[in-house]
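Colleague: Could you take a close look at a single helix for me, from its ends to the rings it carries? I'd like one connected account, please.

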Amino acid sequence: MVQATTDKVTDERIELTQCDLKLLLVGAIQKGLLFLKPESLEDQNSLIQHLKISLSRTLDFFYPLAGRLATVEHDDNTVSFFIDCNNAGAQFVHAAADGVSMADILRPVYVPPILHSFFPLNGVLNYEVVSKPLLAVQVTELVDGIFVGCTMNHAAVDGTSFWNFFNSWSEIHRGLDHISKTPVLERWSLLNGSISPPIRLPLSVIKNNSDSFIPSPLQERVFHFTKGKIAMLKAKANAEAATTSISSLQSLLAHIWRATTRARLLEHDKEIDLRIFIGLRARLQPPLPESYCGNAIVTGVVTLRTRAILEQGLGFVALEINKVVSSYAKNKVADALASVLKNPSPLTMAALGRSHSLAISSSPRHNVYGTDFGWGRPVAVRSGPGNKFDGKVTFFPGPEEGSVDIEFSLLPETLKALGNDLEFMDAVTI
């Protein structure tokens with residue numbers, strides 16, 4: 001266990017907001033970076049010791065992540081969750097993948113299963129980590145590289161907070177005294193800007209979340225889209241829809257939704273969903289700071305019939321996505337947050353992995369390739385096994401500016417069909 005350097009043991013407790021609680025019953029965020037092993041690499045023990053020290057100093061800024069999730073059960077059969085800032089520590093794992101090279105990770109068409117062993121705390125849902133670390137990191141040495149995998153409780157942070165931590169750790173490791181974005185640790189209610197009060201959930205919601213979700217056997221593959229190919233999709237979508245409002249990301253979402261629907265060979269009158277996380281930091285009034293350390297996301301759902309997805313074209317689908325995203329202006333955001341307070345039922349793996357839907361996570365806007373521990377830019381980014389189901393799609397920025405890498409988790413036959421889809425692959429760069 002690695003604790004914050006300064007004495008951060010306090011009686012401070014941080015109540016979880018409605019956005020945090022929405023993610024209690026799903027898995028942690030698991031993302032990791034692959035680096036070339038530097039020629040001037042310190043000996044193993046010095047490198048690991050240096051990483052532990054820099055992690056400890058980073059926890060000075062992010063001290064809630066060195067704490068623990070705690071609960072209070074109330075007399076009315078409800079339960080509330082909070083972060084106990086007790087500096088119990090983050091878990092640090094040092095591992096070696098003997099005989100495994102970077103090429104073994106990057107060259108196969110499908111993501112190799114061994115990659116999942118590069119992440120700690122696998123298979124643990126967010127609410128189950130009471131008394132376990134909110135943060136765990138694993139540094140795995142390969143023959144010619146280093147993989148730094150990070151598992152962070154999703155009820156404590158969202159993707160923006162996750163990458164701010166990862167970026168900050170790399171800055172401290174490089175020897176900087178201060179980090180670029182100091183996290184804002186207070187949890188606001190998100191509705192009125194006041195400090196969040198305890199929110200009670202029915203105890204039955206937690207106790208009834210037994211292993212009802214059984215994931216299908218999946219395969220994973222990463223597809224690369226260049227800036228130029230994405231621009232072509234955007235131009236096509238806007239031309240077809242006779243508009244200029246469709247974004248690059250919405251065009252790309254429409255492209256992959258149509259292709260996945262084709263690959264699944266679904267009947268034409270079936271209604272299916274595209275679930276996307278919508279960021280709230282800039283949408284709230286007043287806006288939240290970009291460095292707000294917590295969850296500031298809601299789920300937007302686009303629902304269409306397969307016939308419309310397949311027959312109406314890229315522009316139609318992209319415009320439907322655009323309408324849902326655009327609808328989350330001030331009033332709808334407030335309504336969504338108020339609705340969660342009235343009915344604070346968390347998302348479940350079974351709901352996320354609902355048959356034939358797609359669920360989009362992460363963002364190509366995160367600062368992934370700026371995470372430099374002093375060994376140079378990462379070579380690649382990958383995710384762990386958490387929250388994987390048939391239809392999970394993870395967006396990352398690509399190595400080149402403006403490019404995007406998309407990791408699909410799908411049934412093997414669907415993923416094979418996707419790779420053989422000429423229209424889909426025309427926008428992919430191998």
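Modeller: Happy to! Just after H4 comes Gly175, with a positive phi near 105 degrees. Keep in mind that this is a predicted model. At the N-terminal end, H4 is capped by Asp158, which places a side-chain oxygen 3.3 Å from the backbone nitrogen of Thr160.

Between those ends, the length of H4 works out well. With 15 residues at 1.5 Å a residue, H4 should span 21 Å, and the C-alpha atoms at its ends are indeed 21 Å apart, so the two values agree. As for its surroundings, 13 of the 15 residues of H4 are buried, and therefore the helix is largely enclosed by the rest of the structure.

Now for the rings. Phe162 and Phe166 both belong to H4 (residues 159-173) and sit 4 residues apart, about one turn of the helix. An α-helix has 3.6 residues a turn, so residues three or four places apart point the same way. The rings of Phe162 and Phe166 make an aromatic pair, with 5.9 Å from centre to centre and 75 degrees between the planes. That pair is edge-to-face, because an angle over 60 degrees counts as such. Both Phe162 and Phe166 are buried.

These two rings also belong to a wider group: Phe35, Phe62, Phe162, Trp163, Phe165, Phe166, Trp169, Phe373 and Trp375 form one aromatic cluster. Across the structure there are 17 aromatic pairs.

Another of those pairs makes a nice counterpoint. The ring centres of Phe118 and Phe147 are 5.4 Å apart and their planes meet at 50 degrees, so this pair is tilted. Phe118 is in the loop between helix H3 (102-106) and strand S6 (135-141), while Phe147 is in strand S7 (residues 145-152), so the pair ties together parts that are 29 residues apart in sequence. Phe118 is buried, with a relative accessible area of 2%, and Phe147 is buried too, at 1%.

Rings also meet charges in this model. The charged end of Arg13 sits over the ring of Phe82, 3.8 Å from the ring centre. Lys332 lies over the face of Tyr328, 4.7 Å from the centre of that ring.

For a strand to set beside your helix, try S9 (residues 219-225): 5 of its 7 residues are buried, so S9 is also largely enclosed by the rest of the structure. S9 runs antiparallel to strand S15 (residues 404-410), and 7 bridges join the two. Within that pairing, Phe223 has Ile406 of S15 as its bridge partner.

Technical notes:
Residues numbered from 1 in each chain as written. Predicted model: local features only at pLDDT ≥ 70, side-chain atom pairs only at ≥ 80, totals over all residues. Heavy atoms only, no water. Phe/Tyr/Trp six-rings, centres within 6.5 Å; stacked < 30°, edge-to-face > 60°. Buried < 20%, exposed > 50% of the residue type's maximum accessible area, 1.4 Å probe, protein only. Lys NZ or Arg CZ within 6 Å of the ring centre and 35° of its normal. Expected span 1.5 Å × (residues − 1). Polar contact = N/O pair within 3.5 Å; in protein donor to acceptor, adjacent residues only side chain to side chain. Pairing = 2+ DSSP bridges.
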